[in-house]
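Here are some notes to read with the model open beside you. Take the points one by one, and turn the view as you go.

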Amino acid sequence: MEVHGHTVRGVDVGPETRCRHYDSELDVIAIRFPCCETFYPCYECHLAAADHEPERWGDESGGGARASVEGSGSADRTGAEDEGSADRTGAEDTGSAMRTGAEDEGSEERTATGDDADAVLCGICGTVLTVAEYVDCDDRCPDCGAEFNPGCRRHYDRYFASELFETSA
Ligand SMILES: [Zn+2]
Ligand SMILES: [Zn+2]
Ligand SMILES: [Zn+2]
């Protein structure tokens, strides 16, 4: 099933990502599983349609897409100030210190497997929310205002590692 340009797999998937298991007014999201990078309306659709065990966002173990966080190499260079004190014709100091203000650019580049992963598709407008946005959205699409099923909260642990949502308890 194509929903707003995204492929959503599952059982009896409808145009707004409802499925055989969840087909109420509010069941209009699909969740992307990190194991296969595919949207499914629900956990049970993944069980039915995929040939492997599901993985959760935020889990680092489990074979598939692994978060390769490179935490080393903290280049902390304190730029030594050059004092070009060569050949001073004995005048007064005119204080012409050339300062090369080297600003550290912390380049934080993480593989999207945590709460910044694009994981939830709104079946109404096609917006894709990150895990963090979804956990934070008060059961409403921040883009189109469609209501999401608040009951999904009970199943967060099926889709997301607990540290991704436990802050909003
Ligand atoms: Zn999968
Ligand atoms: Zn389903
Ligand atoms: Zn929406």
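1. Leaving aside its neighbours within four places in sequence, which residues is Ala30 in contact with? Keep in mind that you are looking at a predicted model. The contacts of Ala30 begin with Val3, Val8 and Thr17. Further along the chain, Ala30 also meets Phe39, Tyr40 and Pro41, and then Leu121 and Gly123.

2. Now step back to the whole protein. There are three helices and six strands, and along the sequence they follow the pattern β-β-β-β-α-β-β-α-α. Of the 169 residues, 29% are buried. Among contacts with a separation of 6 or more, 51% link residues 24 or more positions apart.

3. Next, find the sheet. Four strands form an open sheet in the order E4-E3-E5-E6, with antiparallel pairing. E4 and strand E6 (128–130) stand at the edges with a single partner strand each, so one side of each has no neighbour in the sheet. From one strand to the next, the twist averages 35°. As background, strands of a sheet pair through backbone hydrogen bonds, either parallel or antiparallel.

4. It helps to walk through the pairs one at a time. E3 and E4 run antiparallel and are joined by three bridges; here Ile31 stands opposite Tyr40 in E4. E3 is also joined to E5 by three bridges, again antiparallel, and the bridge partner of Ala30 in E5 is Leu121. Both Tyr40 and Leu121 appeared in the contact list of Ala30. Finally, three bridges join E5 to E6, which run antiparallel, and Val120 faces Leu129 in E6.

5. How many of the five residues of E3 are buried? Five of the five are, so E3 is largely enclosed by the rest of the structure. In a regular strand the side chains alternate between the two faces of the sheet. Both faces of E3 are covered: Ile29, Ile31 and Phe33 are buried on one side, and Ala30 and Arg32 are buried on the other.

6. The nonpolar core brings several of these residues together. The largest one has 32 residues, and the members that touch the most others are Ile29, Ala30, Ile31, Tyr40 and Val131. The elements giving two or more residues to this core are strand E3 (29–33), strand E4 (38–40), strand E5 (118–122), helix H2 (131–135) and helix H3 (156–159).

7. Some backbone angles deserve a look too. Most residues other than glycine have a negative phi, and most peptide bonds are trans. His4 has a positive phi of about 50° although it is not a glycine. You will find His4 in the loop between strand E1 (2–3) and strand E2 (6–7). Is His4 buried or partly exposed? His4 has 17 other C-beta atoms within 10 Å, so it counts as partly exposed: being buried would take 20 or more.

8. There are further positive values to visit. Asp138 has a phi near 60° and is not glycine; this residue sits in the loop between H2 and H3. Asp138 counts as exposed because it has 10 C-beta neighbours inside 10 Å, and the cut-off for exposed is 12 or fewer. Glu37 takes a positive phi near 55° in the hairpin of E3 and E4, where four residues lie between the strands.

Definitions and conventions
Residues numbered from 1 in each chain as written. Chains lettered and ligands numbered in written order. Predicted model: local features only at pLDDT ≥ 70, side-chain atom pairs only at ≥ 80, totals over all residues. Core = buried A, V, L, I, M, F, W, Y, C linked by C-beta atoms within 7 Å. Contact = placed C-beta atoms within 7 Å. Pairing = 2+ DSSP bridges. Axes fitted to C-alpha atoms, helices over the stretch in contact; angles between N-to-C directions.
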